[in-house]
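Visitor: Please take me slowly through a single part of this protein, and do not skip the small details.

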Amino acid sequence: MLKFVYGVLPAWIVQSDNMPDFAVGNTVAMVIKMRADYMASDAVVKHELVHVKQFYRTLGLHSILYGAVARYRLYSEAEAYAVQIGEHASEWDIMWAVDSLAANYNLPMSKAYIQNYFLQKLHTLFGRLMP
């Protein structure tokens, strides 16, 4: 399936189970791999398309930065999870995202730091304080 970010830049979505066990989607450059049972999930597609945008915004350096710099990895995933759960995120949605960030992305920060950063990201993206 072909999608576009910024209206003109391509992103290809393919079905695959070749990714970390916790993941339902995985993006490298402008190719998104998604597990079969999540191909129709608009929320997961939105999450992965954020990573494609990050690839283009960094002129292709996203994957290098993501692997090498923990703060960039937090920035990247916090943005993607915020877009995934959306403007009307519940307290449960927020805690699910924070728990996922803390457990799955090898971030050397406290869970409290990750939560605070994520809440700031939600505020930045959606212009209001979240629950």
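Visitor: I would like to start from the sheet and the helix that packs on it. What does Y6 count as at its relative accessibility?

Guide: This is a predicted model: local features need pLDDT of at least 70, side-chain atom pairs count only at pLDDT 80 or more, and totals for chains, interfaces and linings use all residues. Residues are numbered from 1 along each chain as its sequence is written, and side-chain values use heavy atoms, without hydrogens and water.

With a relative accessibility of 45%, Y6 counts as partly exposed (buried is under 20% relative accessible area, exposed is over 50%, and partly exposed is in between, with a 1.4 Å probe and protein chains only). Y6 sits in the loop between β1 and β2, where β2 covers residues 9–15. Its backbone is worth a look, since Y6 has a positive phi of about 55 degrees and yet is not a glycine.

That loop belongs to an open sheet of four strands, arranged in the order β1-β2-β4-β3 with mixed pairing (a strand is a DSSP run of E of at least two residues, and a helix is one of H or I of at least four, numbered from the N terminus). The edges of the sheet are β1, residues 2–5, and β3, residues 25–28, and each of these pairs on one side only. Two strands pair if DSSP finds at least two bridges between them.

The mixed character shows in the partners of β4. On one hand, β2 and β4 run in the parallel sense and are joined over four bridges. Within this pair, I13 has I32 of β4 as its bridge partner. On the other hand, β3 pairs with β4, residues 31–34, in the antiparallel sense, again over four bridges. Here V28 stands opposite V31 in β4.

Between the two antiparallel strands there is a second backbone detail. The hairpin of β3 and β4 has two residues between its strands, and A29 takes a positive phi near 60 degrees there. Like Y6, A29 lies in a loop, in this case the one between β3 and β4, and A29 is not a glycine either. At 19% relative accessibility, A29 counts as buried.

Now the helix. The 16 residues of α1 should span 22 Å at 1.5 Å a residue, and the C-alpha atoms at its ends are 22 Å apart, which agrees (the expected span is 1.5 Å times one less than the number of residues). Many side chains of α1 are buried, among them V44, V45, L49, V50, V52 and F55. The list of buried residues also includes H47, E48, H51, Q54 and Y56. The buried residues of α1 pack against every strand named so far, that is β1, β2, β3 and β4, and also against the helices α2 (62–68) and α3 (70–85).

Take Q54 as one example. Q54 lies in α1, which covers residues 42–57. Q54 counts as buried because its relative accessibility is 0%. If the neighbours within four places in sequence are left aside, Q54 is in contact with H62, Y72, Y75, S76 and E79 (contact means heavy atoms within 4.5 Å).

One last backbone detail follows the helix. Just after α1, L59 takes a positive phi of about 55 degrees.
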